[in-house]
Structures are given as C-alpha cells and as structure tokens.
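Open the model in your viewer and keep the selection tool ready. We will go stop by stop.

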Amino acid sequence: MTRVERLVASAGGVAIIAALTIGPLSLGRYGLFILSQWAVMSIAAIGLNLTLGYAGQVSLAQGAFVGVGAYAAAIMTTHGLPLSLAVVVAMGLAFAVGWLLGYPALRVQHHYLAFVTLAFSTLAFLVFRNEEWLTGGVYGISDVPRPSLLGFSTAKPLPFYYLCLFVLAVVTIAFRGMTRSPWGRAFVALRENPLRAASLGVDTRRYTLMAFAIGSALGGLAGALYAPLTQFVDPTPFTLTLSLDLLLMVIVGGAGSFFGPYLGAMVAVLLPEWLRVAESYYLIAYAAMVMLLLVYSPTGLMGIVERRQRERSARVASARRAAAKATLADGVGR
Amino acid sequence: MSRVLEVVGLSKRFGGITAVDGVSFHVDEGEILGVIGPNGCGKSTTFNCILGQLAPTAGEVRLDGRVVSGLRPPELNRLGVSRTFQLLQVFPQLSVRENLILAGQEHRGGMLSRLFGRPDAGLGPAADRMIGFFKLDHLADSPAGELSYGQQKLLDAAMAFMAGPRLTLLDEPAGGVNPTMLTDLKDRLRAMNREQGATFVVIEHNMDFIMSLCSRVIVMAQGKVLADGAPDEIRVNPAVIEAYLGH
C-alpha cells in the first residue's frame, strides 16, 4: 500500500466508524433493531469465515452455535445471572462443542463434512425443541433481560445497539490480531495445501480443531447477544435456515476476506428490508440478486473491490511504464 | 562423522504390489546423497515412508539413532526432517517472506506464544537472510504465485531450510527448471552444504545435476537398491547401465 492509499483507507475507516456511531442517533426503534441484528450476525459470520474462509472447512452448523449461545444466555440471565458470565459460558460451551465437531473434519472434507455438521445442526434444533425442562420447548424463554453496564441500563434500543457495536469492535480487533499472527498464516496454509503445511511442521489437526472451536465460539458469542436483543428465544430462528443464511453471508461477502462477513451480513440483514416494497416477490428478487452477484464475482463483494484495486494498480503501473518509455525515447531523440 | 539417517529393511506394499522391497541405506552428516532410478522404482514411496506420509509395511527408519517410523509428518518436521515435493508446493497467496516465516514458525514456542507473540514469530530477520542467500531480494514482498517457475523452485528449496533441519529430502528439485536457474539452484544447494553443513538426500532424473552435486549416489530399481557408491563408480557400474543409464 502506498501512503495515499493508506490515508484513504484510514479516512474510510474513520467515516464508517463515525457513521455507525452517530448515524443511528436519528434511527427509530426498528432501524436500531435491524442495525443491532447486523452487528450480531456479523460476529457469527466472522466466526464462520474463520472456519470456512481461512481454514477451508465447510460448516453447516454455525446457526446451531448461535442457538447454543442464545439459550445459554437466555437461561442464565432469566435466572438472575449477569450477561457477562453468560457470555463466558456461551463462548466456552460453543468452543468445546465446536472442538468436538472438528474431529470429523480430520477425516472427511467438503460436502461430507457439510453433512456431518448438518446432522449436528438438526440435533441441536431437536434439543432446543424437545428438552422442555431446560429450554421451554416450543414456548421458548421470554423476558430475557438486557444487561446494565457500569450502572447504565441497555434496556432501550440505542444503548443496546452500542453494546452490540462495542462487542463487534472488540471481535474485529481480536480477529485482526489473530489473522496477522502466525496462526493466520497457518490457517491459510491449511486451506491452500494441508500436505505441504504438515511437511513444514504445521500441526494441521490442531489448527483444524482450533478453526472450528474459535469459529463456533464466535457463533456462541453472537447468540449470547441475540437473546437479549430479541428478548425472546425459541427454537425456530436456529434451524438449518440460519446456518445457510450465515454461509450465504460469508460467501456473498467474500470467503477468506477480512471485511467480507460485515458486507455479507449487511446484504443478508438489510436487503430483505429494502426489498419489502416487492412484497411477496422479495425472496425471488433476493435470490436473483445473490445469483447474479455470484456469477459476476464468485469471490463475493470483496472480490469486486479487490478486482477494482488490481485494475487500478495495473493502470497506474502501465502509465508509469509508458511515461518511462517516453522519457527514454525523448533522451534518445535528443 | 555421525549417522543422521538410517533406513533398515524398509518395505511398502500396496495390495499385491511391492513398491519398496527391503531398502536399506544411510546418510551421514554433511553428505549430499543422490537417489536415482527409473520411474516407478520406489524413490518417492521411500521418501514418503521416511517422512511419515505413508506407514511402511516393514522395516525401520532411524533419525540420529532414534526410531522415528510411525511419527506424523509435522512431528518429524519438528524433529528436523524437512522436504520438498516433486510438484512445486509454495503458498501462492502468501508473499515470499511470509512463505519463509511459515516454514519456520512452528518450530518456535507453543501455540499460545504463536497467537500472542510477534506477527513474524521473530523470524523476519532469518527470513530476510534466507531471501538474500537464495537471491530473491527484489521479490521479498511479492505473492509467491507471481514468481516464475524457477524462482518458485528456489523458494520451495529455501523453505525446506528455514528451520535449520538436520536432514532435507529434495524430490526432483531440478524438474522443469531452466539451465540458468539450475546452475543457481545447484550453486545455492552446494553453498548450503558447505557453509551451513546441511545434509541432503536428493531424488533427481537430471544426471548432470545429480552427478555434479552429490558425494554419493544410490540407484534404485524395482523397489530395491541396485548400487550405492561415489558418482564415478555408479557411472561405470554395469548393472546400473543396464537398468537405468543405458549404453
């Protein structure tokens, strides 16, 4: 990156943070709900992006991990325990289950792995629905409280949105740190060429399990925010549909790209809202748009951004070459 | 001179086919051992058994006197055995420097120190020295996928040396490399051997390359070791000429 590009990038970053912080002040209850939902789903999608995009392991169970987190938070906070503790438990539980679910990934790959995770997803749904003593069954758990932090209540939509945004910011910074650490390099190596990675001493088993466990833990974290966001938890949001939605977010945004999940979550959460004018045709319109996007850019929205950048730098380079040639010809001419 | 690698009675059967049939040889410290033989004679299978990629049907592999048969590839690598593959295997999306750091990072500290420690795992300077040694300076920050084939082969070999291995197994390092690049590669491998005492085993079909690089050569045919000796002896060995070199 040149200095100008770095400047543009940081200016863009500041603008986005400002927009996310100041913009919502004018939004109503519903707008804030949607934005909070975007932040929560982004966290879950970042987790899946680690498992799928960085480490290359297909998972159809991320929605189930959001469910695990949501139920952990709902059960604990309705029993008077603080949300912070619930977050730790939700993440810990999702991490442990994710680690176990990673074991099949050591033996099977691609669509076989997808089926294993699909089975887990179904199993989790059955537990949510049938274990009434714990989950309230189809009636769910209502009146999930929103937390108070340092004496400030987040019961109102705006403060709760800021809480979601804050958690998303923390996740972003931590994830950035991880992808830049040797772990990030090892995850990419695992996706690109596991055989070569192993021959360089990369413990592919341990990194595969880690990718699953950490990705799942972020799903659990998203769930622990989802419960107080909707203040009601029942099994229906955590069916396979949510896992597929999250998969769509990662792929539409651009699997393996850092900013992909944020864009993907935006498309998946906001686009259906904007397409409401199309009424009953909205799902068709939504599906058509996603298909067009993936035909145009199989690497998702971030793929388009990267293609633009590459084209521009190629143009700059060829202009520079032309200029150098002209000066050279000029010198020879004289 | 100590014995780095010892292979004793190694066999590998795939169903009814015996790919490696009671192979025994050794590699001493500081040696460059060449392995030649016709296609399908079991060279790469022998490599894969030594490296834990395949489980041998019979026999033993010893590294510095310790039995290492049955260990997995990452474990063997961390004990000091590194390799390159027959087909080129660098990570195209990572830069040259990142490829080299990756090749060394798992040899340092534990999982947690790799997560919370420095992004380059403290290997930046070592990676830059290796880049200088293999004369890839101007390409340090380019994605490895943008390098020419020969340059990628150099990087591939450099990665094998990044962790300062006891023993390096190179599987056809010269395959598909143009003559100029080949001279560079040979020159660098020799320097690695002379200056850093690196020990290699090299599989290769390019006779000039192997005869001028290696101090000792073993010839394999049909899963067995046919001959073992200095390049000059091998060149005139009647059995080798019959099986492989041709008249």
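What is the mean pLDDT of chain B, where pLDDT is the predictor's confidence in each residue, from 0 to 100? The mean pLDDT of chain B is 89, and 99% of its residues reach 70 or more. This is a predicted model, in which local features need pLDDT of at least 70, side-chain atom pairs count only at pLDDT 80 or more, and totals for chains, interfaces and linings use all residues. Residues are numbered from 1 along each chain as its sequence is written, while chains are lettered from A and ligands numbered from 1 in the order in which they are written. The model scores ipTM 0.86 and pTM 0.86.

**Stop 1: chain A**

Select chain A. It holds 14 helices and 4 strands. Helices (H or I, at least four residues) and strands (E, at least two) are DSSP runs, numbered from the N terminus. The radius of gyration of chain A, taken over C-alpha atoms, is 22 Å. The globule rule (2.2 Å times the number of residues to the power 0.38) gives 20 Å for 334 residues, so chain A is as compact as a globular protein of that length. Its C-alpha atoms fill a box of roughly 90 × 55 × 45 Å along the principal axes.

Now look inside. Of the 334 residues in chain A, 43% are buried. A residue is buried if 20 or more other C-beta atoms, placed from the backbone, lie within 10 Å of its own.

**Stop 2: the six-strand sheet of chain B**

Select chain B. Find the open sheet of 6 strands, in the order E6-E7-E8-E3-E9-E10, with mixed pairing. Two strands pair if DSSP finds at least two bridges between them. Strand E6 (81-84) and strand E10 (224-229) stand at the edges, each with a single partner strand, so one side of each has no neighbour in the sheet. From one strand to the next, the twist averages 20°.

Zoom in on strand E9 (residues 216-221) of chain B. It runs antiparallel to E10(B), joined by 5 bridges. B:Ala221 stands opposite B:Lys224, and B:Val219 has B:Ala227 as its bridge partner. The hairpin leaves 2 residues between the strands, and B:Gln222 takes a positive phi near 50° there.

**Stop 3: helices across the sheet**

Add helix H1 (residues 43-50) of chain B. It lies across strands E3, E7, E8 and E9 of chain B, at about 150° to E7(B). Then add helix H10 (residues 238-245) of chain B, which lies across E3, E9 and E10 of chain B, at about 125° to E10(B). Angles run from 0 to 180 degrees between N-to-C directions. Colour by pLDDT: among the elements of chain B, H10(B) has the lowest mean, 82, and helix H3 (residues 96-105) the highest, 94.

**Stop 4: the four-strand sheet of chain B**

Here 4 strands form an open, antiparallel sheet in the order E2-E1-E4-E5. Strand E1 (residues 3-14) of chain B pairs with E2(B) over 8 bridges. Look for B:Arg3 opposite B:Asp28.

**Stop 5: where the chains meet**

Show both chains. Which residues count as being in contact? Those whose C-beta atoms, placed from the backbone, lie within 7 Å. The contact takes 19 residues from chain A and 24 residues from chain B. On the chain A side, helices H7 (157-180), H8 (182-192), H9 (194-199) and H10 (204-230) each supply at least two residues. H8(A) gives the most, with 6 residues.

Methods:
A residue is buried if 20 or more other C-beta atoms lie within 10 Å of its own, exposed if 12 or fewer, and partly exposed in between; C-beta atoms are placed from the backbone. Two residues are in contact if their C-beta atoms, placed from the backbone, lie within 7 Å.
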